[in-house]
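Q: Could you take me through one part of this protein up close? I'm in my first year, so plain words would help.

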Amino acid sequence: MGVVDRHARRPHRHPDRSSHVTDLILGLHAGANSAAAIGHPGRLLYCVQEERLTGAKGYMGFPTQAVTACLDHLGAKPDDITHVAYGSRSGATEHCPREEFLRRLGTFHRRPDAAEQETALLADESPAMQNRIRGHLADLGITAPVSFTDHHLTHAATAYYGFRADPHKRYLVLTCDGFGDGACATVSLWHNGHHHEIARTDLRNSIGLLYFWTTHAYGFTPPEDEYKLMGMAPYANPERAVEIASIYARYLTLDASRLRFVRHTAASLEQSWPAIAAQLHGHRFDDVFAGLQLFTEDLLRAWTAAAIEHTSIPDVLAGGGVFMNVKANQRIAALPEVRTFAAFLFSLGCSGPTSPDSSGPMSVIWVDVPMSALD
């Protein structure tokens, strides 16, 4: 059976040329699994990931071909774009080939500047990154203003606007991933299109990065193979899984409010990974996967239950790469405190169908909401 190039064979459905397409919004993500989407307020018209056009799996870098494809699909010109939305305020934007990415992971914990880089990632803003994005857009003839929205706010907005059944209803929205814009998790209340953030966990306490580095340590490729660990977890010995879960629990728990994750070590979890790996050494791989999964499920359930108790809101929406763990979602939904639960699993621009991502979200939910609502 031959491989079908879906984008080459699918006929473009251009809008009626009698009314030229203008006042377009372009949505972008330029990290891992970079992508572009285009539409009007309230209506998505076309979106595509860069990997589909380049053939490079999980393409990392500015989505030049995807932006061009969005314009071509509509028969639009660069100056028809009146606004650009980017779902992070910091992060990588330059192309990093897959082989180079894996090489960097292999040497990460031996780098003398790793701690300094981590400190830089805690910054809220990255003017240099934002200028690079504007430069890439200018190279394509796009000069429209660009809004850079907080990474976790974008995850939360995707879940809220994607799943809210009633705009007048209050929702508890949780986000959790590897990291983005210095954070790895948030708890917020959303109501009538407005949001109030209650708690935020910084990236040094990331449960997503625990999953990331475990995936890498056992010969798989993060951030795309985490689902394989989740899938093998049920085949392990349950008693040995509890033992492994206790190892992870020595490093991460919830703080006194139970609304934030907090590490037990002075060093970040990512910097502590070699010590964690040493304690896992000698254990069966399936037991490690089962223990990690059990630890993840139990900690997320405790966090969710605490957030519901704090807000008195039993209707929960979730976004971010950690919530692509469907087994954990199943156990969260079964909590007696939860009335309804939905997780946005396929936010375009996340780092894979089941992985804790450290790239960036790009909402493909297009709504009539002013950009100022996400400021």
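A: Here is a close look at one helix pair, with some background first and another spot for contrast at the end.

Keep in mind that this is a predicted model. The protein chain has 375 residues, and 52% of them are buried. Its secondary structure adds up to 13 helices and 12 strands. If you take the contacts between residues at least 6 apart in sequence, 71% of those join residues at least 24 apart. As for the outside, the chain exposes about 16500 Å², with carbon and sulfur atoms supplying 53% of that.

Now zoom in on Asp 287, which sits in helix H12, residues 285-311. Is Asp 287 buried or exposed? Its relative accessibility is 3%, and buried means under 20%, so Asp 287 counts as buried. What does Asp 287 touch, once you skip residues up to four places away in sequence? The list is Ala 236, Asn 237, Arg 240, Ala 241 and Ile 244. Among these, Arg 240, Ala 241 and Ile 244 also turn up where helix H10 meets H12.

So let's look at that helix pair. H10 covers residues 238-249, and its axis runs 7 Å from the axis of H12. The two helices pack at an angle of about 60 degrees. That angle falls outside the roughly parallel, roughly antiparallel and roughly perpendicular ranges, the last of which is 65 to 115 degrees, and therefore H10 and H12 are called oblique to each other. Their crossing is right-handed.

Which residues meet there? On the H10 side you'll find Arg 240, Ala 241, Val 242, Ile 244, Ala 245, Tyr 248 and Ala 249. Facing them from H12 are Asp 287, Val 288, Ala 290, Gly 291, Leu 292, Leu 294 and Phe 295. Our starting residue, Asp 287, is thus one of the H12 residues in this meeting.

For contrast, try His 168. You'll find His 168 in the loop between helix H7 (151-163) and strand E6 (171-180). Its relative accessible area is 57%, and exposed means over 50%, so His 168 is exposed. Leaving out neighbours within four places in sequence, His 168 is in contact with His 191 and Asn 192. Asn 192 is 24 residues away in sequence, yet the C-alpha atoms of His 168 and Asn 192 are 5.1 Å apart in space. The side chains of His 168 and Asn 192 also make a polar contact, at 2.9 Å.

Key
Residues numbered from 1 in each chain as written. Predicted model: local features only at pLDDT ≥ 70, side-chain atom pairs only at ≥ 80, totals over all residues. Heavy atoms only, no water. Helix = DSSP H or I, 4+ residues; strand = E, 2+ residues; numbered from the N terminus. Buried < 20%, exposed > 50% of the residue type's maximum accessible area, 1.4 Å probe, protein only. Contact = heavy atoms within 4.5 Å. Areas by Shrake-Rupley, 256 points an atom, 1.4 Å probe, with all protein chains shown as cover. Polar contact = N/O pair within 3.5 Å; in protein donor to acceptor, adjacent residues only side chain to side chain. Axes fitted to C-alpha atoms, helices over the stretch in contact; angles between N-to-C directions. Parallel < 35°, antiparallel > 145°, perpendicular 65-115°, else oblique. Left-handed = near helix turned anticlockwise from the far one by under 90°.
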